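The following paragraphs lead the reader through one protein chain, from single residues to the overall arrangement. Please keep the sequence and the structure in view while reading.

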Amino acid sequence: MGNESVRPRRSQARANRSRIIEAAISEFARNPDASMDDVARAAGVVRRTVYGHFPNRDALVEGLVDEASSALLAVLDELPTLPDRPDLTTAVLALLSWPIGDRFRVLLTFARAELGEERIRDLLVPARAPSIALVERGQADGVFSAYLPASVLVAMTEAVTLALFEEANHGTITDDGDSFALASLVLLGVEPSRAADVVAEAWDLLRTRPATPGA
């Protein structure tokens, strides 16, 4: 009986937390100085509920960072099911991860000042080791250029990623990840016209693959 009453409370708590996160993304995008009260109103919950999940504004911002990091990890879970081609895998991962950055790019608007540049870059840490391994495999196969070590190329890609999100903030980039995928491949030494073909192939793969259970 006790467990039956606990489950709905936990489910409600998870739902409230999700609503608060979504409201925070919207409110901070609208006004970087939005208060916890503003977020509570936007989420449709009382102020006490927001503070129950996030004791202060800094904790709420950290919650956004953690949410984005978790979403990125979910994309990386796709790696074992992707084709055994470093260029195509790179393009697919870029297309899958762009919506995450697009959703959370509000972090670049204000969290950089509140949390610091290094904390924002921490968002990309989960992808670093698998990305380096992927680039090394592409270099060994001759698909990617070896003009710089894989770790340096991945660091450069991270910088380009943040720059592209910033341009999306300004409305310069409005596509669904094509620019990100194309830039990633060209940076790795893939000839631009060939890179465009690989991005198109990646879209075809994503459109035709079976849906993930529960998605």
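Leu 153 touches Val 135, Gln 139, Ser 145, Tyr 147, Leu 148, Leu 187 and Leu 188, when residues up to four places away in sequence are not counted. The model in which these contacts occur is predicted. Leu 153 belongs to helix α9. Is Leu 153 buried or exposed? Its relative accessibility is 0%; because buried means under 20% relative accessible area, Leu 153 counts as buried. A further relation in space links Leu 153 to Ile 132: the two are 21 residues apart in sequence, and their C-alpha atoms lie 8.2 Å apart.

Helix α9 also holds Glu 167, which has another environment to examine. Glu 167 has a relative accessible area of 31% and is therefore partly exposed. With neighbours within four places in sequence left aside, Glu 167 is in contact with Thr 172 and Ile 173.

Two of the contacts of Leu 153, Val 135 and Gln 139, lead to helix α8. Both Val 135 and Gln 139 are among the buried residues of α8, together with Ala 127, Leu 134 and Gly 138. Against which elements do the buried residues of α8 pack? They pack against α4 (57-76), α5 and α9 (150-169). The length of α8 can be checked against expectation. Helix α8 covers residues 125-141, and at 1.5 Å a residue its 17 residues should span 24 Å; the C-alpha atoms at its ends are 25 Å apart, so the two values agree. Just after α8 comes Gly 142, with a positive phi of about 80 degrees.

The next residue to consider is Val 190, located in the loop between α10 (178-187) and α11. Val 190 counts as buried because its relative accessibility is 7%. Residues up to four places away in sequence aside, Val 190 touches Val 143, Phe 144, Leu 185 and Ala 195. The C-alpha atoms of Val 190 and Asp 87 are separated by 8.2 Å, although their positions lie 103 residues apart along the chain as a separation in sequence.

Asp 87 in turn takes part in the packing of two helices. Helix α5 (residues 86-104) packs with helix α11 (residues 192-208) at an angle of about 65 degrees, and their axes are 9 Å apart. The crossing of these two helices is right-handed. On the side of α5, the contact is formed by Asp 87, Leu 88, Ala 91, Val 92, Leu 95 and Leu 96; on the side of α11, by Arg 194, Val 198, Val 199, Glu 201, Ala 202, Trp 203, Leu 205 and Leu 206. These contact residues comprise 11 nonpolar and 3 charged, with no polar ones.

A second buried loop position is Val 45, placed between α2 (36-43) and α3 (47-53). Val 45 has a relative accessible area of 14% and is therefore buried. Its contacts, not counting residues up to four places away in sequence, are Asn 16, Arg 19, Ile 20, Ala 40 and Val 50. Asn 16 is 29 residues from Val 45 along the chain, and the C-alpha atoms of the two are separated by 7.7 Å.

Ile 20, touched by Val 45, leads on to the nonpolar core. The largest nonpolar core has 54 residues, and those with the most contacts inside it are Ile 20, Phe 28, Leu 60 and Leu 185. Its largest share, 9 residues, comes from α5. In soluble globular proteins, nonpolar side chains tend to be buried together. Leu 60 touches Ile 20 and Phe 28, as well as Ala 24, Met 36, Val 39 and Phe 54, with residues up to four places away in sequence not counted.

The overall arrangement can now be stated. The protein has 11 helices and 0 strands. Of its 215 residues, 39% are buried. Among the contacts with a separation of 6 or more, 68% are between residues 24 or more positions apart.

Key. Residues are numbered from 1 along each chain as its sequence is written. This is a predicted model: local features need pLDDT of at least 70, side-chain atom pairs count only at pLDDT 80 or more; totals for chains, interfaces and linings use all residues. Side-chain values use heavy atoms; hydrogens and water are left out. Axes are lines fitted to C-alpha atoms, for helices over the stretch in contact, and angles run from 0 to 180 degrees between N-to-C directions. Helices (H or I, at least four residues) and strands (E, at least two) are DSSP runs, numbered from the N terminus. A crossing is left-handed if the near helix is turned anticlockwise from the far one by less than a right angle, and right-handed if clockwise. Contact means heavy atoms within 4.5 Å. Ala, Val, Leu, Ile, Met, Phe, Trp, Tyr, Cys and Pro count as nonpolar, Asp, Glu, Lys and Arg as charged, and the others, Gly among them, as polar. A nonpolar core is a set of buried Ala, Val, Leu, Ile, Met, Phe, Trp, Tyr and Cys residues joined through side-chain atoms within 4.5 Å. Buried means under 20% relative accessible area, exposed over 50%, partly exposed in between (1.4 Å probe, protein chains only). The expected span of a helix is 1.5 Å times one less than its number of residues.
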